[in-house]
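Thanks for sharing this one with me. Here are my comments, written as numbered points so that you can go through them with the structure open.

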Amino acid sequence: ADPPAAARSLKHACDMGIDEACGNVANLVKAYGDGVLLPSCTRGDGLSCFMLGSLYYAGNGVARSLEQAAGLFQQSCTSGFFHGCGQLGESYLFGEGLPRDEAKAKGVLEKACTGGYGPGCFNLAVMHRRGIATPQNELLAQQTLRRACELGYKQACEGPAPPVQR
């Protein structure tokens, strides 16, 4: 039995869209602790940091900790995993695990959007539409929503953006 190796394999399957693998990663973390993902996260694997951060955010397999989640999303983003940037931006935007900081949220969501993370583009579009940490700009909001839609984020394809989403 090699829980870290199993976590890496399941993490790869989860990244490929196999939902059962994602649940099994959570089960491994629950059984063996966050050490099954933390070493690879510490070595700069952004996906490991993101997955572990998501587990801490949800309290799935570990005790819920928004602060721990935000720190792991930061590591994920720094490693160039843009899903982590999107989640970090939301952490700043909603003040979850970090002090609320709309300007930092905007910057991190821009990085997520530029990196191809559709939900990051979506939230950035809502910020442009509502004038949150930026001048209100409907044209830029529409362009950013179009990008989110092109990236496969279906909610962005459905018309006017509702409130900022988590």
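The points below start with the whole chain and then turn to single helices and residues.

1. A word on the source before anything else: this is a predicted model. Please keep that in mind as you read the values below, which were computed from the predicted coordinates.

2. What does the secondary structure of the protein chain come to? The answer is nine helices and zero strands. Read from the N terminus, the order of elements is α-α-α-α-α-α-α-α-α. The radius of gyration of the protein chain is 16 Å, close to the 15 Å that the globule rule gives for 166 residues, so the chain is as compact as a globular protein of that length.

3. Some further values describe the chain as a whole. Along the principal axes, its C-alpha atoms fill a box of roughly 55 × 30 × 25 Å. Of the 166 residues, 43% are buried. Among contacts with a separation of 6 or more, 48% join residues that are 24 or more positions apart.

4. Next, the surface and the charges. The accessible surface of the protein chain is about 8000 Å², and carbon and sulfur atoms contribute 52% of that. The chain has 15 positive and 15 negative charges, and the mean positions of these two sets lie 3 Å apart.

5. Helix H4 deserves a careful look. This helix covers residues 46–58, which makes 13 residues. From first C-alpha to last, H4 reaches 18 Å, close to the 18 Å expected at 1.5 Å a residue. After H4 comes Gly59, which has a positive phi near 70 degrees.

6. How many of the 13 residues of H4 are buried? Eleven are, so to speak of H4 as mostly covered is fair under the cut-off of under 20% relative accessible area. The buried residues include Leu47, Cys49, Phe50, Met51, Leu52, Tyr56 and Tyr57, and also Gly46 and Gly53. The cover over the buried residues of H4 includes helices H1 (3–15), H2 (19–32), H3 (38–42), H5 (66–78) and H6 (82–94).

7. Two of those covering helices hold residues that you may want to find in the viewer. Pro4 sits in helix H1 and is partly exposed, at 28% relative accessibility. Between the C-alpha atoms of Pro4 and Leu139 there are 47 Å, with 135 residues separating the pair along the chain. Gln68 belongs to helix H5 and also counts as partly exposed, at 35% relative accessibility. Gln68 and Ser40 are 28 residues apart in sequence, and their C-alpha atoms are 16 Å apart in space.

8. Towards the C-terminal part of the numbering, please check Ala133. This residue lies in the loop between helix H8 (118–130) and H9. The phi of Ala133 is near 60 degrees, which is a positive value in a residue other than glycine. Ala133 is partly exposed, with a relative accessible area of 36%.

9. Last comes Thr144, in helix H9 (residues 138–150). Is Thr144 buried or exposed? Its relative accessible area is 8%, and because buried means under 20%, Thr144 counts as buried. Leaving aside residues up to four places away in sequence, Thr144 touches Cys113, Cys121, Leu124, Ala125 and His128.

Note on methods:
Residues numbered from 1 in each chain as written. Predicted model: local features only at pLDDT ≥ 70, side-chain atom pairs only at ≥ 80, totals over all residues. Heavy atoms only, no water. Helix = DSSP H or I, 4+ residues; strand = E, 2+ residues; numbered from the N terminus. Buried < 20%, exposed > 50% of the residue type's maximum accessible area, 1.4 Å probe, protein only. Contact = heavy atoms within 4.5 Å. Rg over C-alpha atoms; globule rule 2.2 N^0.38 Å. Areas by Shrake-Rupley, 256 points an atom, 1.4 Å probe, with all protein chains shown as cover. Lys, Arg positive; Asp, Glu negative; His and termini not counted. Charge placed at Lys NZ, Arg CZ, Asp CG, Glu CD. Expected span 1.5 Å × (residues − 1).
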